[in-house]
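Here's a quick briefing to read alongside the structure. Keep the viewer open and look up each residue as it comes along.

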Amino acid sequence: MASFNEVFFAAVFVLSFVYAQNDEGNKIISPKLYELHDPIQQELSKQVGRELHASIHYLAIASYFGQDNVSLKGFKKFFMENSDEEKEHANKLVNYLNERNGKLDKLDMKMPVPYLGNSGLQALNDALALEKEVTKHLMNIHDLASSDKYKDVHLADMLESDMLREQVESMRVLKGMIARLMKMSDGGNANLAEYLFDLELQDKKP
């Protein structure tokens with residue numbers, strides 16, 4: 001009869017492995033299954049840089065609208081909130097990397113060009129274009145994670161249920177804001193429309 005120690009160490013040995021089904025049948029694979037593949041870790045690291053790029057870009061736009069000679073406090077407030085949200089997305093990705101025993105690898109953050117300003121409508125259109133770009137890269141990471149090569153359903157689910165859902169909502173809000181501001185400008189006085197829209201963003205009534 002096997003001793004307690006023999007049974008214990010046999011159990012530890014068995015539990016140190018997980019089994020996966022593939023085309024060739026059952027295979028014993030490493031207990032590091034939960035860890036990210038290197039190409040996916042690199043893409044997530046790049047996405048951190050993109051989120052930080054977006055955050056700084058929105059910060060620059062907010063700064064423009066906060067200038068004394070522009071003074072559109074509602075637009076400043078809106079873009080400051082967007083800057084904080086993008087930074088939170090970057091933090092979320094870093095936390096996810098750590099959760100999967102990964103690290104921030106080869107962070108390549110492209111610094112945005114200085115924002116020279118134009119109008120509230122142009123800033124909203126610029127923001128929508130940026131959100132579409134960020135969403136495109138997230139979709140590419142989702143496709144990579146879902147591919148037959150990696151089958152990382154955990155990452156794919158996180159992107160679908162969390163980040164991509166937020167991206168869709170952000171684009172919906174921006175499209176609605178653009179449409180509303182354009183309708184307000186139909187009368188021909190774009191400056192008045194922008195002023196009234198800015199009050200709306202400040203939660204103020206004219």
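The protein chain has 6 helices and 2 strands. Going along the sequence, they come in the pattern α-β-β-α-α-α-α-α. Keep in mind that this is a predicted model.

**The chain as a whole**

- The protein chain has 206 residues, and 36% of them are buried.
- About 12900 Å² of the protein chain is exposed, with carbon and sulfur atoms supplying 55% of that area.
- Take the contacts in the chain with a separation of 6 or more: 73% of them are between residues 24 or more positions apart.

**Two helices side by side**

- Find helix α3 (residues 73–99) and helix α5 (residues 153–184): their axes come within 12 Å and cross at roughly 170°.
- That angle is over 145 degrees, the cut-off for roughly antiparallel, so α3 counts as roughly antiparallel to α5.
- On the α3 side, the residues that meet α5 include F75, F78, L93 and Y96, along with E85, H89 and K92.
- On the α5 side, the residues that meet α3 include L155, M158, M163, L174, M177 and L181, along with D162, E166 and S170.
- Sorted by class, the contact of α3 with α5 has 10 nonpolar, 4 polar and 5 charged residues.

**A closer look at S170**

- You'll find S170 in helix α5.
- Is S170 buried or exposed? It counts as buried, because its relative accessibility is 14% and the cut-off for buried is under 20%.
- Leaving out residues up to four places away in sequence, S170 touches E85 and E131.
- A127 is 43 residues away from S170 along the chain, yet their C-alpha atoms are separated by 9.7 Å.

**Salt bridges**

- Side chains of opposite charge can pair when their charged atoms come close.
- How many salt bridges does the structure hold? There are 8.
- Three residues, K92, D162 and E166, are linked in a network of salt bridges. K92 is in α3, while D162 and E166 are in α5, and they are among the residues where these two helices meet.

**Pairs within one helix**

- In α3, the side chains of E81 and K77 form a salt bridge, at 3.2 Å from N to O. These two residues are 4 apart, about one turn of the helix.
- E81 counts as partly exposed because its relative accessibility is 42%, and K77 is partly exposed too, at 35%.
- In α5, the side chains of R172 and E169 form a salt bridge, at 2.7 Å from N to O. Here the two residues are 3 apart, again about one turn of the helix.
- R172 has 52% relative accessibility, so it counts as exposed. E169 has a relative accessible area of 38%, so it counts as partly exposed.

**A pair between two helices**

- The side chains of R180 and E200 also meet in a salt bridge, this one at 3.0 Å from N to O.
- Which parts of the chain does this pair link? R180 is in helix α5 and E200 is in helix α6 (residues 190–201), so the pair links distant parts of the chain, 20 residues apart.
- R180 is partly exposed, with a relative accessible area of 35%. E200 also counts as partly exposed, at 35% relative accessibility.

Note on methods
Residues numbered from 1 in each chain as written. Predicted model: local features only at pLDDT ≥ 70, side-chain atom pairs only at ≥ 80, totals over all residues. Heavy atoms only, no water. Axes fitted to C-alpha atoms, helices over the stretch in contact; angles between N-to-C directions. Parallel < 35°, antiparallel > 145°, perpendicular 65-115°, else oblique. Contact = heavy atoms within 4.5 Å. Nonpolar A, V, L, I, M, F, W, Y, C, P; charged D, E, K, R; others polar. Salt bridge = Lys/Arg side-chain N within 4 Å of Asp/Glu carboxyl O. Buried < 20%, exposed > 50% of the residue type's maximum accessible area, 1.4 Å probe, protein only. Areas by Shrake-Rupley, 256 points an atom, 1.4 Å probe, with all protein chains shown as cover.
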